[in-house]
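User: I am new to this structure. Please take one part of it and walk me through it closely, then tell me how the aromatic rings are arranged.

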Amino acid sequence: MARLIHRLYNDRAFRRERVIRDRSNPLDIYNDEELIERFRFSRRDLFSLIDELSPDLHFTSDRNAALTPTLQVLLTLRFYANGAFQNTVGDMIGIHKSTACRVSRRVSLALCRHLPRYVHLPTEAECTIIKHKFRQASGIPGIVGCIDGTHVLIQAPSEHEYLYVNRKGYHSINVQILCDANYSIFNLVARWPGSTHDARILRESQLSNIFEAGGINGILLGDSGYPLKRWLMTPIVAPRTQQERWYNTIHATTRSTVERCIGVLKRRFHCLHWEIRMHPERVCTVIAACIVLHNMCIAKRIPLPRQNHLPMPEEDDPVVPLSRFEDVSGRLVRAHIVDNL
């Protein structure tokens, strides 16, 4: 009995006392400009976002001082905005980095559930508007979007590490992005390791099947890394006439829309620009969540933070032309565009 009492005494003596830290709400501290700088959304838009995600973020119990949906969303947005380590983000509201990691995971999954609502192919009416905007900018009729790939840096994974090493020598996820003239992203493929070629990602995607089946009436613009098709226009590798050179100039100027879109995306959410130290599957979830938020910002016309008013330029990434994969129908469509410029 004496031994048991002695043991209980020692356990109490060395047991770490639980401390519930004070958690301040950033919404009570910052004004709209400071909120956009730190969380990329204004106060009104933050309330709207929190209301939308709250059903997925409420805890069933208030035990252990459970975080409110507001603090969960703000913490995750802060991580997306600056790409800091989880312990740095957690210090913002006084929580441990493991809690910050779990919270960002919950919010990312909640945002991904809204992916079909915010990232989807345009309707026929929307295609008409997109074509008109691209026609005004380029003079080329029928453009419904510009496509490109971008690499998101990740830490070396423990499994199949070699697959994630891209041609520049670092580990990444190769993300396919398709956007309109307003930088709104309406198609996303974020699941391929960095060594995968852009052309394969497109070939294996549902987007290719939809265009091949004529599901969307229009054409896309892509760089020389993509194969020429009747619905995908690429530059002319060796232009011989003035009209072909003019086509290449217009093509490059118009296609740079997607490069600027990617620059705005990475400028707004810096976590996509720095190394994300997560499992590749979780990185893909973060990418999808950031693109949902990006489309929200575009739809609400939320400006970039003042210090980030210029889009982040994409690095020059020379590609090997795939002229040997040009099909006849694609050549005919491109020749018709060149002749009528």
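Analyst: Start with one pair of residues. His151 has Asn174, in strand 2, as its bridge partner. Keep in mind that this is a predicted model.

That bridge belongs to a longer pairing. Strand 1 covers residues 143-153, and 8 bridges join it to strand 2. The two strands run antiparallel.

Strand 2 also pairs with strand 3, which spans residues 185-193. Here too the sense is antiparallel, with 6 bridges. One contact to look up is Gln176, whose bridge partner in strand 3 is Val189. So strand 2 has pairing partners in both strand 1 and strand 3, given that two strands pair when DSSP finds at least two bridges between them.

Next, look at the turn. Strand 2 and strand 3 form a hairpin with 5 residues between the strands. In this hairpin, Tyr183 takes a positive phi near 70°.

Now ask how covered strand 2 is. It runs over residues 172-179, and 8 of its 8 residues are buried. Take the faces in turn. On one side sit Ser172, Asn174, Gln176 and Leu178, all buried. On the other side sit Ile173, Val175, Ile177 and Cys179, also all buried. Two of these names have come up already. Asn174 is the partner of His151, and Gln176 is the partner of Val189. Both lie on the one side of strand 2.

Turn to the aromatic rings. The count comes to 3 aromatic pairs. Phe79 and Tyr80 make a tilted pair, 5.9 Å centre to centre, with 50° between the planes. Phe79 counts as buried because its relative accessibility is 6%, under the 20% cut-off. Tyr80 counts as buried because its value is 0%. Together with Phe269, Phe79 and Tyr80 form one aromatic cluster.

Another pair is Phe211 with Trp231. This pair is stacked, at 5.1 Å centre to centre and 25° between the planes. The pair links distant parts of the chain, 20 residues apart. Phe211 is in helix 10, residues 206-212. Trp231 is in the loop between strand 4 (219-221) and strand 5 (232-233). Phe211 is buried, with a relative accessible area of 1%. Trp231 is buried as well, with a relative accessible area of 1%.

One last ring has a charged neighbour. Arg38 lies over the face of Tyr30, 4.2 Å from the ring centre.

How values were computed. Residues numbered from 1 in each chain as written. Predicted model: local features only at pLDDT ≥ 70, side-chain atom pairs only at ≥ 80, totals over all residues. Heavy atoms only, no water. Buried < 20%, exposed > 50% of the residue type's maximum accessible area, 1.4 Å probe, protein only. Helix = DSSP H or I, 4+ residues; strand = E, 2+ residues; numbered from the N terminus. Phe/Tyr/Trp six-rings, centres within 6.5 Å; stacked < 30°, edge-to-face > 60°. Lys NZ or Arg CZ within 6 Å of the ring centre and 35° of its normal.
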